[in-house]
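Student: Could you take a close look at one part of this model with me? I'd like to start small and then see how the rest is put together.

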Amino acid sequence: MEARTALAAQLESLNALVLALLRESLADARTVRLPIRDCLREVTQGIGEHWREFPVLGATRSGLASAKEGVGKAPGRYKPVRVGTVFYNPMRILLGSIAIIDEDDAPGITSPDYVAMTAVEGALHPLWFYHWFRSPHGAEFIKSLTRGAVRERLLFNRLAQGEVLVPPLPVQTACAASLREIKRAKKQIESRLADLEKLPAALLRAAFAGDA
C-alpha cells in the first residue's frame, strides 16, 4: 500500500539522518581517542528491596522494551536503569540488543546478567554514545572485542579495554538534541503505521481507491 510505503521510506530517511549526524560529529577536528574506562562506569549494585517499584526492562534490536520474563529468584540483584543508563544483553550484543533510558522514559530494572553503564560526566553524552554504539561504528568496535564469535559474551571488563573516537562534549550535546528530535518524529510515524495496521484491509483499499 502507498501509505505504508511512504511512511516506511520516511523512517529510512530518518535512520540515514542519524548516521549522517554521527559522522558529522566525529568529523570535528577536536575529536580524540579515549579509553572506554575513562568514559563509562558499570552499574554493579542491585536495586535491593525496592525492586517491586519498577518495571523490568530489556534491550532488543529496536532498543528499549519490556522484558519478556519477570524477575528471577534474586530480584534484589536486578540492576537499576535510570535516565542516562545504557544497557545491553552481553550474549546478543552483536545482534544489536542495546537500550537506553532517555529523558522521556520511565526508570526500571534489568536483569543482573545485563551490562548496564552510565557516562562519566563531562566526558560522554549518553544519548550520543547510545546511537554511536548501535551504529556501524559501534558494530565494528564490538566485533573487534568479541573476536567475531556471535554467542560470545561481551562483559564490561572487556568493553573497558577498548578505545573510541569521541567528539567534544558540546558537539555530542548538540548532536543528541537533534537525535531526540528524530526520535520524536519516528514515534509519530510508527504511531501512524500502527493505526494503519488496525484498519480493515477492505476499508483501506476503498479509501485509497477513492470510494470512501
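In which sense do strand E3 (residues 57–60) and strand E4 (residues 63–66) pair, and over how many bridges?

Tutor: Bear in mind that this is a predicted model. E3 and E4 pair in the antiparallel sense, over 4 bridges. The connection between them is a hairpin, with 2 residues joining E3 to E4. For a point to look at within the pair, take alanine 59, which stands opposite leucine 64 in E4.

Now on to a sheet with more strands. The order here is E2-E9-E6-E7, an open sheet of 4 strands with antiparallel pairing. E2 (40–42) and E7 sit at the edges with a single partner strand each, so each has one side without a neighbour in the sheet. On average, and ignoring direction, neighbouring strands of this sheet are turned by 25 degrees against each other. At the E2 edge, the pairing with strand E9 (residues 115–119) is antiparallel and runs over 3 bridges. Leucine 40 has alanine 119 in E9 as its bridge partner.

Next, the helix on this sheet. H2 lies across E2, E6, E7 and E9, and runs at about 165 degrees to E7. Aromatic rings come in here too: the structure holds 6 aromatic pairs. One of them joins tyrosine 88 and phenylalanine 133, with ring centres 5.8 Å apart and planes at 70 degrees, so this pair is edge-to-face. Because tyrosine 88 belongs to strand E6 (residues 86–88) and phenylalanine 133 to helix H2 (residues 126–134), the pair ties together parts that are 45 residues apart in sequence. Tyrosine 88 and phenylalanine 133 are both buried. Tryptophan 132 and phenylalanine 141 make another pair, with centres 5.6 Å apart and planes at 55 degrees, so that one counts as tilted. Both tryptophan 132 and phenylalanine 141 are buried. Step back and you find a cluster linked by ring pairs, made up of Tyr88, Trp128, Phe129, Trp132, Phe133 and Phe141.

Phe141 takes us to helix H3 (residues 136–146), where the buried residues are Gly138, Phe141, Ile142, Leu145 and Thr146. These cover an arc of only 125 degrees around the axis, so they are on the same side of H3. Glu140 and Ser144, on the other side of H3, are exposed. As for what covers the buried residues of H3, the list includes E7, H2, helix H4 (156–159) and strand E10 (163–166).

Last, the charges. The structure holds 8 salt bridges. In one of them, the side chains of aspartate 102 and arginine 180 meet at 2.9 Å, N to O. Aspartate 102 is in the loop between strand E7 (98–100) and strand E8 (108–110), while arginine 180 is in helix H5 (residues 169–198), so to speak a link between distant parts of the chain, 78 residues apart. Both of these partners, aspartate 102 and arginine 180, are buried.

Aspartate 102 also forms a salt bridge with lysine 183, where the closest N and O atoms are 3.9 Å apart. That again links the loop between E7 and E8 to helix H5, this time through residues 81 apart. How do the two partners sit relative to the surface? Lysine 183 is partly exposed, with a relative accessible area of 24%, whereas aspartate 102 counts as buried because its relative accessibility is 4%.

Lysine 183 has a further salt bridge, to aspartate 105, with the closest N and O atoms 3.6 Å apart. Here lysine 183 in helix H5 and aspartate 105 in the loop between E7 and E8 are 78 residues apart, another link between distant parts of the chain. Aspartate 105 has a relative accessible area of 17% and is buried. Put together, Asp102, Glu103, Asp104, Asp105, Arg180, Lys183 and Lys187 are linked in a network of salt bridges.

Key
Residues are numbered from 1 along each chain as its sequence is written. This is a predicted model: local features need pLDDT of at least 70, side-chain atom pairs count only at pLDDT 80 or more; totals for chains, interfaces and linings use all residues. Side-chain values use heavy atoms; hydrogens and water are left out. Rings of Phe, Tyr and Trp (its six-membered ring) pair if their centres lie within 6.5 Å; planes under 30 degrees apart count as stacked, over 60 as edge-to-face and the rest as tilted. Buried means under 20% relative accessible area, exposed over 50%, partly exposed in between (1.4 Å probe, protein chains only). A salt bridge is a side-chain nitrogen of Lys or Arg within 4 Å of a carboxyl oxygen of Asp or Glu. Two strands pair if DSSP finds at least two bridges between them. Axes are lines fitted to C-alpha atoms, for helices over the stretch in contact, and angles run from 0 to 180 degrees between N-to-C directions. Contact means heavy atoms within 4.5 Å. The arc is that of the directions from the helix axis to the C-beta atoms.
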